[in-house]
Amino acid sequence: MQRNGRSRQDQEHGEGGLATDDRPPALRRWGHFTAARPRLMIWAGVLLAVAGLVLAAGAMDRLVLSRFESPGSESVKTRAVLEKEFGEGTPSVLLMVTARQGTVDDAPVAAAARELEEELALRDGVADVASYWSRDGSPTLRGRDGKQALIIAGMGGTVTEARTELATISPEFTRDEELFTVRVGGGDEIFRQVAEQSRQDFLRAEMIVFPLVLLLLFAIYRRFAAAALTLGMGLFSVITTLALMHLVTYVTEVSTFAANLALVMGIGLGVDYSLFVINRFREELRLGRPVPEAVAYTVGSAGRTVTFSGLTVLVSLSCLLLFPLPFLRSFAYAGVGTVLTAVFAALVILPAALARLGHRVARKGPAGNSLTSEGWWHRTALRMMRHPLRYGVPALAVLLALAAPVLGLTFGTPDERVLPEGVSSRVVQQEIRDNFAAEEMDAVQVLRRGQAGTAANSAEIEATALALSRIPEVHQVDALTGSYADGGRIAEPGAAAERFGHEKDTWYSVVATHEGLNHDVDRLLSDIRKTAAGEGEGPDQVRIGGYPAELADFRAQLVDRLPLVLGLVLAVTFLVLFLMTGSLLLPAKATLLNALSLGVMFGALVWIFQEGNLSGLLGFTPTGTIEPSIPILMFCVAFGLSMDYEVLMLSRIKEEYDRTGDTLGAVATGLERSGPLITSAAVIMAASFATYASSGVVFLKMLGLGMVAVILIDATLIRAVLVPVLMRLAGRANWWAPKPLRAVHRRWGLSETEPAATETAEAAGATVR
């Protein structure tokens, strides 16, 4: 790699005028090394791919499932106390019993249902079981029409163990018996089916993506060898990334959903970098260089850009590690692995393959000593720069209009509607919404520390339970002293009430209404906390748990860490672009344009998935909110990919500017050289993500459609219109930096141009025609 600030004289002569260092840049030397040993490099790549394939084959079995919970949060700690002191877990599975005739209170139905409850309790992996019949006829476990009632259970072990066992339990307990039918539901069953659907989508995406990408690449290259080689680099990235994820599972948890990202990102980045490298190799061949020299110059120039691009994507995705949530960290592992393997393939295996294939990947036509071309991108860039306001203002207006829905973004919690209609667990959950006054599975668990669950404290316990039952969004409160609703006792304490007693503490089960859980859950939890604490009591005496609290804590930790993640992503990518360009304005412009494209992506998410537009066509049910972890993931992925395109484009513009000192000509030529590549890469990346648009899981559908929107907008309106417009308006300021920072760039900045080219630019100045 070539340092920008070192003059040609400095390189050729020491203080005494003698030559001291005439070595080519490090990456070009590496290119010479690979070109001289292509068989060695190719066989090394083959061996890595084979080893990776062996590890990747077992990766899916090592990946785990995750719940929406935040380790170390109050709700998780509360669950641990309830399990230890009271033997009370959080229910996550239910059996819905529907009487064929009569009601669930009929003696034959009740007797058969108790037998069903006992059978479930004996199954491996089931920690605790309760039902309408064993909970003294609790109203929250009985449907309004009396024909349905619930058996609820908590699963032991890890979430992966629980849902693995559920894969056996669910079909066995889905029954049509003489007295009633039985259907399985609950949170763990819902997300078990989500994971099952995502695995099917992964396999289907594999079957679609590889042949589709190969066809697109053949249309771009018109050479089968080049198309197959490019797809091979993407396939190598996918395989070795899955292998790396397999190794990571021996250190920490990795979510199954990360495999979906590894597939599309591996193909996308592998293709992106290969397109750029092969195109540069073709240019070097057109200049008449011999194949080994063309490989060396390709690695010395395009290799540097690929390295910078990979660094920007890696920074964006690695910032997901700042979230203390295994679910999001898993995507960081997949993303970082994808970047490392794609860059490795582009700088090690691909150059060796090009050295072997030589002119079989070249463009058809005679070689020459000029790359001058004034194609569509060149003409478009000049037209935009001649009339910057005429084209820039409408383009900006379109982007702002597309991004406008983001102002109504509302974060919420996921539910059964992430699955398609007709899936069994979703059907069960919808029947609970329609026929049950409240949902026992979503009870808020209120732990009172220091208040012994004994008869001596019955008056105080009852007073707290009565107060909690008066909260408008609360349907029922169960406690040691009985059950309560609307400020009055509705049931005397029975055998089921004994679960609330402990010599040190007590707890309350607060069952909210459907409306209370569907609207402002945070306010509801705050009201419950304040009511349970009473006056003059410290906040540590009351702890809140249960599924609604776990979701709220999960969302709160995401939001709390978001500013840090955003700031770090912006700062580090700004630094990387500064080191590449030596400018302050170009990184700032890149950040602004990326913000616009991300705004369009989030605007599309709100308009489609929150507001429900196109929901019938796309086949999903809107909930009026968006689960926050997926947009955060999409931000990191989309920001990294946008910066990827920015680096590919700016590297060619900077190279031309260093050679000529002409900003307008550099922009037009740089876009002519990079525009077709960026568009081609964007189409392939968008096609890869689009395979998930037909997914049955709303999360993957959001990821697919959102990424398609941001990639296409970024590669069209952003690159074709706003980039040349802003470069034209900025003029000389494009390359400006204060003197101290110029010194930093001269010391640490990297360039793929020769020193003489840099001197040409410095002598010419920032000429603007």
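Begin by selecting Y250, which is exposed, with a relative accessible area of 56%. The model on display is a predicted one. Y250 sits in the loop that runs between α9 (224-248) and α10 (258-286). Extend the selection to L55, L244, L247 and V251: together with Y250, these residues make up a nonpolar patch on the surface. The accessible area of the patch as a whole is about 500 Å².

**The whole molecule**

Now display the entire chain. The protein contains 26 helices and 13 strands. Along the principal axes, its C-alpha atoms occupy a box of roughly 100 × 50 × 50 Å. Of the 769 residues, 57% are buried. The protein exposes about 30000 Å², and 59% of that area is supplied by carbon and sulfur atoms. Among contacts with a separation of 6 or more, 80% are between residues 24 or more positions apart.

**The nonpolar cores**

Select L320, L328 and F689 next. In the largest nonpolar core, which has 159 residues, these three touch the most other members. Which residues does L328 touch, when those up to four places away in sequence are not counted? They are L320, F323, L558, S629, I632 and L633. Apart from the largest core lies another, of 35 residues; V97, A112, Y132 and F173 are among them. As a general point, nonpolar side chains in soluble globular proteins tend to be buried together.

**A residue in helix α12**

Move to S330, which is placed in helix α12 (residues 326-357). Is S330 buried or exposed? With a relative accessibility of 1%, S330 counts as buried, because the limit for that class is under 20%. Show its surroundings: leaving aside neighbours within four places in sequence, S330 is in contact with E253, V254, S255 and A258.

**The open sheet**

Switch to a cartoon view and locate the five strands that form an open sheet, in the order β3-β4-β2-β6-β5. The pairing in this sheet is antiparallel. At the edges are β3 (126-131) and β5 (175-176), each of which pairs on one side only. Strands of a sheet pair through backbone hydrogen bonds. To examine one pairing in detail, select β2 (residues 93-99) and β4 (residues 148-155), antiparallel strands joined by six bridges. Within this pair, M96 has L150 in β4 as its bridge partner.

**Salt bridges**

The structure has 41 salt bridges. Three of the pairs are visited here, beginning with R449 and E85.

- R449 and E85: their side chains meet in a salt bridge, with an N to O distance of 3.8 Å. R449 is in the loop between β7 (444-448) and α16 (458-469), whereas E85 is in helix α5 (residues 74-86). The pair links distant parts of the chain, 364 residues apart. R449 is partly exposed, at a relative accessible area of 24%, and E85 is also partly exposed, at 22%.
- R652 and E283: here the side chains meet at 3.0 Å, N to O. R652 lies in helix α22 (residues 629-660) and E283 in helix α10, so the salt bridge ties together parts 369 residues apart in sequence. R652 counts as buried at 2% relative accessibility, and E283 counts as buried at 7%.
- R417 and D415: the closest N and O atoms of this salt bridge are 2.6 Å apart. R417 is buried, with a relative accessible area of 18%; D415 is buried as well, with 15%.

Return to R652 and E283 and widen the selection. Which residues are linked with R652 and E283 in a network of salt bridges? The other members are R280, E284, R289, E293 and E655.

**A last stop at helix α6**

Finish at A107, in helix α6 (residues 107-121). A107 counts as exposed, at 57% relative accessibility, because that class requires over 50%. Draw a distance from the C-alpha atom of A107 to that of D188: the two atoms are separated by 31 Å. Along the chain, A107 and D188 are 81 residues apart.

Methods:
Residues numbered from 1 in each chain as written. Predicted model: local features only at pLDDT ≥ 70, side-chain atom pairs only at ≥ 80, totals over all residues. Heavy atoms only, no water. Core = buried A, V, L, I, M, F, W, Y, C linked by side-chain atoms within 4.5 Å. Buried < 20%, exposed > 50% of the residue type's maximum accessible area, 1.4 Å probe, protein only. Contact = heavy atoms within 4.5 Å. Patch = residues over 30% accessible without salt bridge, like charges linked within 9 Å, V, L, I, M, F, W, Y side chains within 5 Å. Areas by Shrake-Rupley, 256 points an atom, 1.4 Å probe, with all protein chains shown as cover. Salt bridge = Lys/Arg side-chain N within 4 Å of Asp/Glu carboxyl O. Helix = DSSP H or I, 4+ residues; strand = E, 2+ residues; numbered from the N terminus. Pairing = 2+ DSSP bridges.
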